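I am opening a notebook on this structure. The entries below follow the order in which I looked things up.

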Amino acid sequence: MAKMQKYNQTTVTEFILLEFSSPPEWQTLLFVVFLAIYLVTVAGNLLIAAAVLANHHLHKPMYFFLGNLSVLETCYTSTLLPRLLASLISGYHGISFSGCFLQFYFVGTCACTECYLLSVMSYDRYVAICKPLHYVTIMKSRLCVLLSFAPWILGAVLTVFTTFFASQLNFCGPNVIDHYFCDYSPLLMLSCSETHQTEMLMSVLGSACTMPPMILTFASYVCIISTILKIPSNSGKKKAFSTCSSHLIVVTIFYGTLIIVYILPKTDTLKDLYKVFSVFYTILTPMFNPYIYSLRNREFKEILKKCACTQKLIPN
Ligand SMILES: *[C@@H]1O[C@H](CO)[C@@H](O)[C@H](O)[C@H]1NC(C)=O
């Protein structure tokens, strides 16, 4: 009885992240895999950001947005992977209470910012493809700066609220989180307070981050596709479709997994799968975005190539 009371009164000061509950001999393999993912992600994204900043041919709205997306993806993976790598190599899986909510805040901010930035990028493509004659007058530099910074501000502000509500929950133990970072649904499962109200608030805030940008993104792509269908030449149609479809796949996976994890009601099957879904929007999207958005873009590739060539020619 005394023990029970003590157990009830304890508040958790530290969480244990189970990460990928794998046998110990797999830890090294997982470490190598995630290290490779981290290096590829950071290298690809920093290359693009540097190319955009250094090359005045790339000083156009579309590339500014791409550069900002790359900076965002670098921050995003850096909120998750270094901690995961450290814990895989050291075998120490603890994270302090405040560390946990700090991570929750930064991951949330990056995810929410990315939702809005992807919708800004699709809006930019919509104007370029569907209103080509007005592109220059619509995408003035002031609007471009506003559209680049607004996603960051929205993401940071909306996530203040989600972090505040999540940190109001009581945790009286156990403190083992079955996940690889401090995220909302596993924290909710550990909480010993009445979570119904928090769950509703979180759904509303989660929807504010994902729904408006998702609707804007898909509306833009509907207009883009209907414009592409009117292109008379078949090869032109094909080219436009191939870029467009890869973007669509990326945004669908990104928004889709976010909505499944944060907004849909938490059924038992979803609880088993949220770790898998989370890998898509936290690890795979930042890794593949630079390749899908920039390195498949012909103009971008050509400018990069030219850049590399002149640099080789100068010393000769
Ligand atoms: C981000 O966007 C702003 C405003 O459009 C731009 O000035 C800046 O260069 C961009 N950053 C990168 C890394 O492209």
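**Entry 1: the largest cavity**

I note that α4 gives the most to the lining of the largest cavity, with six residues. The model I am reading is a predicted one. My search of the whole structure turned up two cavities of 30 Å³ or more. For the largest cavity I wrote down a volume of about 320 Å³. It has 21 lining residues, and I listed those closest to its centre: G108, T162, G206, C209 and Y262. Then I checked which elements take part. At least two lining residues come from each of α4, α6, α8 and α9 (234-262). Sorting the lining by class gave me 15 nonpolar, five polar and one charged residues.

**Entry 2: the second largest cavity**

I turned to the second largest cavity, which has a volume of about 70 Å³. Which residues line the second largest cavity? I found S185, M189, I260, V261, K266, L270, K271, Y274 and F277. Each of α7 (184-190), α9 and α10 (268-295) supplies at least two residues of this lining. The largest share, four residues, is from α10. By class I recorded six nonpolar, one polar and two charged residues for the second largest cavity.

**Entry 3: helix α6**

I had met α6 in the lining of the largest cavity, and I looked up the helix itself. Helix α6 covers residues 141-167, which is 27 residues. From its first C-alpha to its last it reaches 40 Å, close to the 39 Å expected at 1.5 Å a residue. Where does α6 bend? The bend is at F149 and amounts to about 30°. I also noted a proline, P151, that follows within four residues.

Next I listed the buried residues of α6: C144, L147, S148, P151, G155, L158, T159, T162, T163 and A166. P151 is thus on the buried list, and T162 is on it too. For what covers these buried residues, I noted that the cover includes α3 (61-90), α4 (97-130) and α8 (196-229).

**Entry 4: T159**

I picked one residue from that list. T159 sits in helix α6. Is T159 buried or exposed? It is buried, because its relative accessible area is 3%, under the 20% cut-off. Leaving out residues up to four places away in sequence, T159 touches F104, Y105, G108, T109 and C112. G108 I had already written down among the residues closest to the centre of the largest cavity.

**Entry 5: the largest pocket**

I moved from cavities to pockets. The largest pocket has a volume of about 750 Å³. It is lined by 29 residues, and M62, R125, I129, T243 and N297 lie nearest its centre. The elements that give two or more residues to this lining are α3, α4, α8, α9, α10 and α11 (298-313). I sorted the lining of the largest pocket into 16 nonpolar, five polar and eight charged residues.

**Entry 6: the second largest pocket**

The second largest pocket has a volume of about 170 Å³. I listed its lining as A49, V52, L53, F64, G67, N68, V71, S141, C144, V145, S148 and F149. F149 is where I had put the bend of α6. I found that α2, α3 and α6 each supply at least two residues here. Which element has the largest share of the lining of the second largest pocket? It is α6, with five residues. The classes came out as eight nonpolar, four polar and no charged residues.

**Entry 7: F300**

I looked up F300 and found it in helix α11. F300 counts as buried because its relative accessibility is 0%. Setting aside neighbours within four places in sequence, I listed its contacts as I48, A51, V52, L58, Y63, S294 and L295. V52 is also one of the residues that line the second largest pocket. I then checked F300 against H57: they are 243 residues apart along the chain, and their C-alpha atoms are separated by 9.3 Å.

**Entry 8: Q27**

My last residue was Q27, in helix α2 (residues 24-54). Why does Q27 count as buried? I call Q27 buried because its relative accessible area is 16%, and the cut-off is under 20%. Not counting residues up to four places away in sequence, Q27 touches S22, L88 and H93.

Technical notes. Residues are numbered from 1 along each chain as its sequence is written. This is a predicted model: local features need pLDDT of at least 70, side-chain atom pairs count only at pLDDT 80 or more; totals for chains, interfaces and linings use all residues. Side-chain values use heavy atoms; hydrogens and water are left out. Buried means under 20% relative accessible area, exposed over 50%, partly exposed in between (1.4 Å probe, protein chains only). Contact means heavy atoms within 4.5 Å. The expected span of a helix is 1.5 Å times one less than its number of residues. The bend at a residue is the angle between axes fitted to the seven residues ending there and the seven starting there. On a 1 Å grid over the protein atoms alone, a cavity is a set of points where a 1.4 Å probe fits but cannot get out, and a pocket is an open set with protein on both sides within 12 Å along at least five of seven lines; lining residues have an atom within 4 Å of a point. Grid points are joined across faces, edges and corners, and a volume is the space filled by probe spheres set on the points. Ala, Val, Leu, Ile, Met, Phe, Trp, Tyr, Cys and Pro count as nonpolar, Asp, Glu, Lys and Arg as charged, and the others, Gly among them, as polar.
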